[in-house]
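Here are a few notes to read alongside the model. Keep the structure open as you go through them.

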Amino acid sequence: MTDTPTYKLDPAPQGEHTSSGPTRLERDSLGELPVPRDAYWGIHTERALINFPITGRSISVYSDLVTALAVVKQACARANREIGVLDPEKADLIDRVCRRIRGGELHDQFKVGVIQGGAGTSTNMNTNEVIANACLVELGHQKGDYQHFSPIDDVNRSQSTNDTYPTSIKVAMAFTLRRLLDELQRLTDAFDAKAGEFRDVLKVGRTQLQDAVPMTLGQEFHGFAVTLREDRDRLEETIAWLSEVNLGATAIGTGITADPRYAEAACRHLADLTGLPIVAAADLIEATSDTGVFMTLSGTLKRCAAKLSKICNDLRLLSSGPQAGLGEITLPPKQAGSSIMPGKVNPVIPEVVNQVAFAVIGSDATVTAAAEAGQLQLNAFEPVIAHQILQSLHWMTQACLTLRINCVDGIEANRDRLGDMVGTSVGVVTALTPYIGYAASAQLAHEALTSHKSIADLVVEAGLMDRERVEKLLQPARLSGLQPVTQAIPVIPLPDEAPAPEAR
């Protein structure tokens with residue numbers, strides 16, 4: 001009988017637990033604990049490093065979150081100074097340290113894991129401790145000498161994790177979302193540019209992977225641009241919802257321990273510092289327990305990811321081959337595609353974007369489950385919500401960037417192949433049915449499939465039309481709908497041509 005393996009819990013999930021080096025001793029309500037002597041974090045952060053050996057990823061992987069935590073503390077300090085509940089010198093010192101963090105300093109001191117129990121308390125205390133110890137250093141005191149500057153009494157004045165943490169993750173999401181919106185706009189513009197480049201390239205449209213009627217490659221790429229623009233607009237709308245915060249709610253929304261003037265002042269300062277349309281929620285108790293905005297953002301992001309993935313599916317299909325597939329477009333070659341087949345090049349950029357989309361879709365399921373699991377006056381699972389959404393936003397931003405630069409900008413149309421396919425496509429016959437009737441068109445389609453002759457040649461050979469008239473009817477502008485031929489949209493008749501019959 002084999003022994004059951006024994007697993008050891010790693011007490012240093014972020015690689016920073018410090019009993020091995022020089023330490024200082026800090027105390028909290030649970031007792032004493034050694035903390036690295038040079039660390040800007042304190043005992044609450046140290047306990048979180050011991051308790052949550054989960055991901056191996058600290059919150060500092062999301063620089064926007066660290067920046068948001070700092071700007072919220074900065075706004076709170078300004079509000080506390082304004083209403084007279086915090087010494088002006090201390091408030092100004094907090095303000096100054098927060099500006100340093102926003103400028104990129106001390107980010108490596110934000111050590112707690114992205115997944116943590118406690119509804120974000122570890123993140124809030126990590127922030128309080130870093131700011132307090134940075135203030136102590138500026139004042140000439142030792143780190144951890146909190147009698148001169150307290151993480152809770154000074155940095156966390158008028159606050160609770162339950163209002164500063166949700167506010168911070170909303171601000172972080174808004175910051176990260178803005179970058180995604182910029183990249184989506186650039187990607188949309190890239191597809192629009194290709195639409196212009198391919199505006200006169202006729203191709204066969206497809207439904208259910210079967211040949212349909214003609215269109216232009218430009219129309220296809222313009223469709224990509226339009227669908228991405230719609231999703232960008234929907235995502236942009238969520239910034240206003242993210243800007244409704246519960247700052248000033250403190251523990252559960254009643255504002256206990258905070259001056260009645262504080263909430264308005266804190267939101268006003270936060271709006272000024274971030275440029276976001278920050279407003280206090282109408283009902284702070286509801287806002288403290290509600291996570292609906294996160295589901296809205298996550299769901300909208302999932303929609304965008306799914307549609308972007310569909311576009312990448314299309315790019316892979318259109319470029320398949322190059323000899324035995326559709327081969328309508330050529331994607332820029334980015335790396336060798338096989339360790340065994342010489343010369344093979346795979347569509348690696350669309351493939352990586354597909355995988356990002358799969359991850360975003362999965363993240364939305366996590367966000368939904370976490371939002372549903374909230375209880376009574378608080379949702380304890382906002383850390384995983386924050387992690388999933390911030391990761392999805394970042395990955396989508398990078399996916400749009402690489403798709404644009406490494407793929408879309410370099411796409412080329414295989415014009416000769418497209419022309420050959422259109423010339424022999426039975427879908428072209430559809431354009432002739434108003435003039436020669438359905439039965440004759442069906443016969444021509446059958447002959448085209450068996451003989452592989454062009455539709456134009458078959459029409460002339462059958463004596464149904466002369467060459468000049470066939471060529472006019474099969475002009476790219478008419479085949480692709482750029483020149484309307486029904487009364488459903490304005491008609492541009494050919495010379496000596498009777499008006500087209502009414503659409504039915």
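1. Start with the lining of the largest cavity. Going along the chain, you meet Ile 59, Tyr 62 and Leu 65, then Val 114, Gln 116, Thr 123 and Tyr 165, and finally Pro 383, Ala 386, His 387 and Leu 390. Bear in mind that this is a predicted model.

2. What kind of residues make up that lining? Eight are nonpolar and three are polar, with no charged ones among the residues lining the largest cavity.

3. Helix H12, residues 382–406, gives the largest share of this lining, with four residues.

4. As for volume, the largest cavity holds about 50 Å³ of space. Searching the whole structure turns up five cavities of 30 Å³ or more.

5. H12 also has a helix partner to look at. It packs with helix H10 (residues 292–318) at an angle of about 30°, and the two axes are 11 Å apart. Angles under 35 degrees count as roughly parallel, so that is how H10 and H12 run relative to each other. Their crossing is left-handed.

6. Which residues make the contact? On the H10 side they are Phe 294, Leu 297, Ser 298, Leu 301, Cys 304, Ala 305, Leu 308, Cys 312 and Leu 315. H12 brings Glu 382, Ile 385, Ile 389, Ser 392, Leu 393, Met 396, Cys 400 and Leu 403.

7. Sorted by type, the residues in the contact of H10 with H12 come out as 14 nonpolar, two polar and one charged.

Note on methods:
Residues are numbered from 1 along each chain as its sequence is written. This is a predicted model: local features need pLDDT of at least 70, side-chain atom pairs count only at pLDDT 80 or more; totals for chains, interfaces and linings use all residues. Side-chain values use heavy atoms; hydrogens and water are left out. On a 1 Å grid over the protein atoms alone, a cavity is a set of points where a 1.4 Å probe fits but cannot get out, and a pocket is an open set with protein on both sides within 12 Å along at least five of seven lines; lining residues have an atom within 4 Å of a point. Grid points are joined across faces, edges and corners, and a volume is the space filled by probe spheres set on the points. Helices (H or I, at least four residues) and strands (E, at least two) are DSSP runs, numbered from the N terminus. Ala, Val, Leu, Ile, Met, Phe, Trp, Tyr, Cys and Pro count as nonpolar, Asp, Glu, Lys and Arg as charged, and the others, Gly among them, as polar. Axes are lines fitted to C-alpha atoms, for helices over the stretch in contact, and angles run from 0 to 180 degrees between N-to-C directions. Angles under 35 degrees count as roughly parallel, over 145 as roughly antiparallel, 65 to 115 as roughly perpendicular and the rest as oblique. A crossing is left-handed if the near helix is turned anticlockwise from the far one by less than a right angle, and right-handed if clockwise. Contact means heavy atoms within 4.5 Å.
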